[in-house]
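Dear colleague,

I am handing over the structure below, together with an account of what was found in it. Please look through the model first and then read on.

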Amino acid sequence: RGPLVWEATTFGNSGNALQMNGFFNGSNQANEDWLILPPFDLSSTNFPLLSFFSRTKFNGDPLQLKVSTDYPGLGNPNNFTWTDINGKFPAETSDAWTQSTNIDLSAFKQSNAYIAFVYTSTQDDGARWTLDDIRVDNSSTAPPPAISISASSLQFGYVPNGSTADK
């Protein structure tokens with residue numbers, strides 16, 4: 001939805017990469033664009049682990065990572081079931097390559113698993129996202145446990161004016 005699409009760029013982490021930007025012709029554009037990878041056969045894997053490098057610059061919505069086992073490869077992806085996955089993406093406007101590793105896809109061990117990166121922008125803001133070195137590896141061991149959270153994701157109870165609380 002919208003006029004912009006993912007494009008190839010020579011400014012990747014290790015050469016060419018894929019890039020999406022919501023800013024075009026001097027203004028931000030309302031856009032939703034899905035980068036859907038070819039289907040993966042994960043049925044015979046032990047622990048399928050996704051890894052990739054990503055980079056973001058300018059204000060805008062975070063990238064979303066989704067997986068589907070009922071998407072047929074054609075048509076509007078919004079008409080099918082997609083599960084949100086924590087992509088371990090870099091902080092907004094960080095403009096530094098960040099490697100996301102050990103993203104466990106074991107819950108999707110089927111012959112037709114689709115992985116999608118979903119980009120959105122508005123007329124108010126549109127970040128630039130770049131992806132490189134996307135891969136799925138079959139690991140013989142489970143990924144190590146990890147927690148990915150930002151300070152803005154934490155919520156604390158009400159503290160009356162003039163009072164203090166440890167956070």
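Which residues of the largest nonpolar core touch the most other members? They are Trp6, Leu65, Ile115 and Phe117, and the core to which they belong has 22 residues. Please keep in mind throughout that this is a predicted model. At least two residues of this core come from each of four strands, namely S6 (47-57), S7 (64-68), S10 (114-121) and S11 (128-139), and S10 gives the largest share, with 3 residues.

Phenylalanine 117 is a useful place from which to look around this core: when its neighbours within four places in sequence are left aside, its contacts are Trp6, Asp33, Trp34, Leu35, Leu37, Phe52, Leu63, Gln64, Leu65, Phe89, Leu131 and Ile134. There is also a second core, separate from the one just described, which has 6 residues, among them Trp34, Trp82, Ala116 and Val118.

As for the overall build, the protein chain contains 11 strands and 0 helices, and its C-alpha trace spans about 60 × 45 × 35 Å along the principal axes. Of the 167 residues in the protein chain, 35% are buried, while the accessible surface comes to about 9800 Å², with 48% of it belonging to carbon and sulfur atoms. Contacts across the sequence deserve a mention as well: among those between residues at least 6 apart in the protein chain, 79% join residues at least 24 apart.

Two sheets can be described. One is an open sheet of 5 strands, whose order is S1-S2-S11-S6-S9 and whose pairing is antiparallel. At its edges stand S1 and strand S9 (98-104), and because each has a single partner strand, one side of each is left without a neighbour in the sheet. On average, neighbouring strands here are turned by 35° against each other, with direction ignored. Within this sheet S6 and S11 run antiparallel and are joined by 10 bridges; one example is arginine 55, whose bridge partner in S11 is threonine 130.

The other is an open sheet of 4 strands, again with antiparallel pairing, in the order S5-S10-S7-S8. Its edge strands, S5 (31-36) and S8 (83-85), each pair on one side only, and the twist from one strand to the next averages 35°. Between S5 and S10 the antiparallel pairing extends over 6 bridges, and in S10 the bridge partner of asparagine 31 is serine 121.

Two single residues may help you to find your way. Is serine 54, which lies in strand S6, buried or exposed? Serine 54 counts as buried because its relative accessibility is 0%, and the cut-off for that class is under 20%. Apart from neighbours within four places in sequence, serine 54 is in contact with Phe89, Pro90, Ala96, Trp97, Thr98, Trp129, Thr130 and Leu131.

Glycine 2, for its part, is found in the segment before strand S1 (7-9), and its relative accessibility of 49% makes it count as partly exposed. With neighbours within four places in sequence again set aside, glycine 2 is in contact with Ala30 and Asn31. From glycine 2 to tryptophan 34 there are 32 residues in sequence, and the two are 11 Å apart in space, C-alpha to C-alpha.

With best wishes

Methods: Residues numbered from 1 in each chain as written. Predicted model: local features only at pLDDT ≥ 70, side-chain atom pairs only at ≥ 80, totals over all residues. Heavy atoms only, no water. Core = buried A, V, L, I, M, F, W, Y, C linked by side-chain atoms within 4.5 Å. Buried < 20%, exposed > 50% of the residue type's maximum accessible area, 1.4 Å probe, protein only. Contact = heavy atoms within 4.5 Å. Pairing = 2+ DSSP bridges. Axes fitted to C-alpha atoms, helices over the stretch in contact; angles between N-to-C directions. Areas by Shrake-Rupley, 256 points an atom, 1.4 Å probe, with all protein chains shown as cover.
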